[in-house]
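Here are a few short exercises on charged side-chain pairs, each with a worked solution. Keep the structure open as you go.

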Amino acid sequence: MSDPRPQDLCQSVLAPPARVSIFITLTIREGAEGAAVAALAQLPALKRSVGFREPEQQLSCVAGIGSRFWDRAYPHLPRPAHLHPFIPLEGSKHSAPSTPGDLLFHVRAMRFDLCFELVRQLRLALGDALESADEVHGFRYFDERDLLGFVDGTENPEPPVDDVVTTLVPDGPYTGASYVIVQKYLHDLTAWNALSVEDQERVIGRTKLDDIELPDDVKPSNSHVALNTIEDADGTQRQIVRDNLPFGNVGEGEFGTYFIGYAADPDVTEEMLRHMFLGNPPGNYDRILDFSTAHTGCLFFVPPADLLENPQSFAAAPDDPSTASDTDPTPADGSLGIGSLRRSGSK
Ligand code: HEM
């Protein structure tokens, strides 16, 4: 039998764009790691309980695990190769802060009540393991537009091939895993709306009404699209899959874009962020930042679905030294110092 494919092992990273999302980044109380891991193991069943009643609403939930929490909760498992805390950036004018985040839940559905109910159940499951949470309610705004009025998401890699290659770890013990970066941006709509439509189009790099990319000789080098179109050494475009949504509280004046970007290697998203905040070349920063301020920044590992329910099945197998890898952990007590990774069949 052939090995399972990344798309058979992943969480619902590739769920189609939904009408509503709840994005929660949260921290877990010191000492409550076991309770949080137990709550994560309940996630698939909770999702089934809430989603089964309304299948056409396409409820899905992706759980991500932050770097510090990984070490606290899964010390017996090998560290995912690219897991590290979000790297803060300090540009000449704008900065991208790194903020706390042990876990991320990206809950999507066509209707808000399902998202709400799943998050309510999740919070009950976490109980007092939960220390603090930043919960953002995102909504689809007219024809896929952000609050700046531009269609957001057009150039995402397409299913069913490009999105898989872009987002999912292709092989190794964590086949089907992904990495996700989230940032909460607040917009200064007063300043933005003071620009003419033509000037706004030069900030984004696309036309506003029709969503057509500006020609290269018109598109400024500090436009959002120019700075986020990146290539590797052999000219292949480096991509991420985004599922940003607008959010906001009109009365409080706190509204903006919740950025979420999935990639098989977070270095792709990080290169885009360096271009945006530090500039490419340095100093030529993304003009969108003059109207959008990043208030949070977190990076998470999105394990294969099976790891949430059965973390033990991913542990090193001490009876099989022949396939020991240099990524195997060497715990202080030496108990699992040798062995390969073994997991039970796919989900
Ligand atoms: C204030 C937050 C943001 C807003 C409002 C925003 C909005 C947009 C819009 C309107 C487009 C053009 C249409 C499209 O292809 O989706 C776009 C493209 C894009 N954005 Fe953003 N974005 C934001 C943050 C980010 C961040 C933080 C990243 C990466 C770290 C990013 C990466 C990209 C990429 C890769 C493209 C497609 C470029 C191309 O190939 O044409 N965006 N964004």
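**Exercise 1.** Is Arg123 buried, partly exposed or exposed, and what is its relative accessible area? Then find its salt-bridge partner and describe the pair.

*Solution.* A word on the source first: this is a predicted model.
- Step 1: Arg123 has a relative accessible area of 35%, and partly exposed covers the range between 20% and 50%, so Arg123 is partly exposed.
- Step 2: Its side chain meets that of Glu135 in a salt bridge, at 3.2 Å from N to O.
- Step 3: Arg123 sits in helix H4 and Glu135 in strand E6, twelve residues apart, and the pair links distant parts of the chain.
- Step 4: Glu135 is partly exposed too, with a relative accessible area of 30%.

**Exercise 2.** Which parts of the chain does the salt bridge between Arg29 and Asp128 tie together?

*Solution.*
- Step 1: The N to O distance of this salt bridge is 3.5 Å.
- Step 2: Arg29 belongs to the loop between strand E1 (20-28) and helix H2 (33-51), and Asp128 to the loop between helix H4 (112-126) and strand E6 (130-139), so the bridge joins parts 99 residues apart in sequence.
- Step 3: Arg29 is partly exposed at 35% relative accessibility, whereas Asp128 is exposed at 60%.

**Exercise 3.** Which residues are linked with Arg206 in a network of salt bridges?

*Solution.*
- Step 1: Arg206 and Glu213 form a salt bridge at 4.0 Å, N to O.
- Step 2: Arg206 is buried, at 8% relative accessibility, while Glu213 is partly exposed at 34%.
- Step 3: The network links Arg206 with Glu155, Asp211, Glu213, Asp216 and Lys219.

Conventions
Residues are numbered from 1 along each chain as its sequence is written. This is a predicted model: local features need pLDDT of at least 70, side-chain atom pairs count only at pLDDT 80 or more; totals for chains, interfaces and linings use all residues. Side-chain values use heavy atoms; hydrogens and water are left out. Helices (H or I, at least four residues) and strands (E, at least two) are DSSP runs, numbered from the N terminus. Buried means under 20% relative accessible area, exposed over 50%, partly exposed in between (1.4 Å probe, protein chains only).
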